[in-house]
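Please look through the sequence and the model before reading on. The paragraphs below take up aromatic side chains, strand pairing and a pocket in turn.

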Amino acid sequence: MASCSWHSLPNEMKLSIIDILEAEDVKVLSKVDQRTYQACVPAQFKKVKLNDYEAIESFLENVPRNYCSHIEELDICTQHATNSMPVLPRIRADSVIALLSASPSLSKLILRVSGSLDKSIISPFPYLNNLKHISISNCGDEKRAPLSERLVVSIAVNTRNLEELSLDRITRSKMHAPELEGAYPCPPLALNDEDIQDHPILGSELSLPSLLRIPTLRKLTIRDTHLGHEAWTSIPVACRLQVLDIGSCYHEDDGFNTRCTERIMTAVGPTVNEFSLTAAVSDSVFSEPSATPLTRLRKLHITPFFPVDSVVETMANLAGSPVEKISVQCFQEDMVDICSALEKFLSLRVARGPEFYHKLKQINVSVTNNADDEDDDTPTQEETEERLEATRRLQDFCRDLQLRSIVEKEISKKNSKPSVAPIAAPTSFVDARRYHVKGRSMTI
């Protein structure tokens, strides 16, 4: 058999080989020689993560600008490194603009902002034609440096092919929420954002509900953001959302968050296939198949911050939708209560008859770490046994009703290895169990 050296391979073949390598392997291969390094450049710069403003500046100073043309996924943070001298919002914005303008292949952007950016940051987005996924979050102090909804909405509506948008800790603009000024419990307001340029279609109405007028939008996530704008019920909806993930606002109570959630559900419900809940649903209109706006809802997710006492009522109120899969995520201290609530729901399903959740096929429960818990908060033997018994009861109930179910439970921490493993799995799952350790998983 004739041998073939690496350098005699066609460039397309080299790129194909490099493309299937792990990132660390590409890094090692790139050190072979200069020609190989150049062949590895597209793979090395396909995904770029810059964790602070100083990293952005260093990247712009040291990386050839033409390398940015290979960037497809970009994760950047404008927060300053420890003890660094802060720069003006306009200077931070100029650095981000320089990076975005040099990245025409960009398809996914994660923008973590510490304080607001200058309005000039909007300028490159109309020209990023490949950009389909945007995530924007305020990682700083919202009260001292709010991130204006007008700025964020303007970025979104100026992105021509936006399909997925995720927003976290966005602040209402005083221009769109004058009624909140001085109101208890005094949520933060963004000021001095009236000079953001009007949109050709939306005009000056750059409030959060205007996101529903983006025709290409298919997935919308909004977390830790005040959603009290009345326009959610009146805005002309141009998008066909398939996935909706609405979180609660920590400045308001459960009742307020429920009303906001229900308004948005009503507005976009006819097209939504997947929905993630943080606030309860109390409106019984969602329980009637002939009246519910959620006529296509098949996947329902309940987050760890959802009020446990409202699980049964909310699920009953969503009975009008053809839900096939329910996923519940909880903190370990809520595991017993969540399993008990799901048992009550299944008992209600039996009592209501075959038309109540007649499409339901699967219920999954998973435990997530509470950021407020200390690492050494090991459950007692009694707590562990109680949680095991709760999951066994739910497992048996699901099996009796012929439902597929994966209930992930915490394993003993005697060896300081926080892990969870599925139980309640039907036979088809037994040979593909997944063990999760610190956010990583492997199939055995």
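**Aromatic contacts, strands and a pocket**

Phe 45, Phe 59 and Tyr 67 form one aromatic cluster in this model, which is predicted. Across the structure there are 6 aromatic pairs, and two that share Phe 345 can be followed in some detail. A pair of aromatic rings is described by the distance of the centres and the angle of the planes.

Phe 345 and Phe 356 make a tilted pair, with 6.2 Å from centre to centre and 50° between the planes. This pair links distant parts of the chain, since Phe 345 belongs to helix α9, residues 335–352, while Phe 356 lies 11 residues away in the loop between α9 and β11 (362–368). Phe 345 is buried, its relative accessible area being 0%, and Phe 356, at 7% relative accessibility, also counts as buried because the cut-off for that class is under 20%.

Phe 345 also pairs with Tyr 357, and here the ring centres are 4.9 Å apart and the planes stand at 85°, so this pair is edge-to-face, given that angles over 60 degrees fall in that class. Again distant parts of the chain are linked, from Phe 345 in helix α9 to Tyr 357 in the loop between α9 and β11, 12 residues apart. With a relative accessibility of 2%, Tyr 357 counts as buried.

Turning to the strands, β7 (residues 243–246) and β8 (residues 274–277) pair in the parallel sense over 4 bridges. Between β7 and β8 the chain passes through helix α7 (residues 254–268), and the resulting β-α-β crossover is right-handed. Strand β8 is in turn joined by 4 bridges to strand β9 (residues 299–302), with which it runs parallel. Glu 274 in β8 can serve as a point of reference for both pairings, as Val 243 stands opposite Glu 274 and Lys 299 is the bridge partner of Glu 274 in β9.

The last feature to visit is a pocket. Rolling a probe the size of a water molecule over the atoms shows where empty space is left. The second largest pocket has a volume of about 360 Å³, and of the 12 residues that line this pocket, Glu 22, Ala 23, Val 26, Ala 43 and Gln 44 are the closest to its centre. Two or more lining residues come from each of α1 (11–19), α2 (23–29) and α3 (34–44), and the largest share, 4 residues, is that of α2. Sorted by class, the lining of the second largest pocket comprises 5 nonpolar, 1 polar and 6 charged residues.

How values were computed:
Residues numbered from 1 in each chain as written. Predicted model: local features only at pLDDT ≥ 70, side-chain atom pairs only at ≥ 80, totals over all residues. Heavy atoms only, no water. 1 Å grid on protein atoms, 1.4 Å probe; cavity = no way out; pocket = protein on both sides within 12 Å on 5 of 7 lines; lining within 4 Å. Points joined across faces, edges and corners; volume = space filled by probe spheres on them. Nonpolar A, V, L, I, M, F, W, Y, C, P; charged D, E, K, R; others polar. Phe/Tyr/Trp six-rings, centres within 6.5 Å; stacked < 30°, edge-to-face > 60°. Buried < 20%, exposed > 50% of the residue type's maximum accessible area, 1.4 Å probe, protein only. Pairing = 2+ DSSP bridges. Right-handed = clockwise from strand over helix to strand, strands pointing away.
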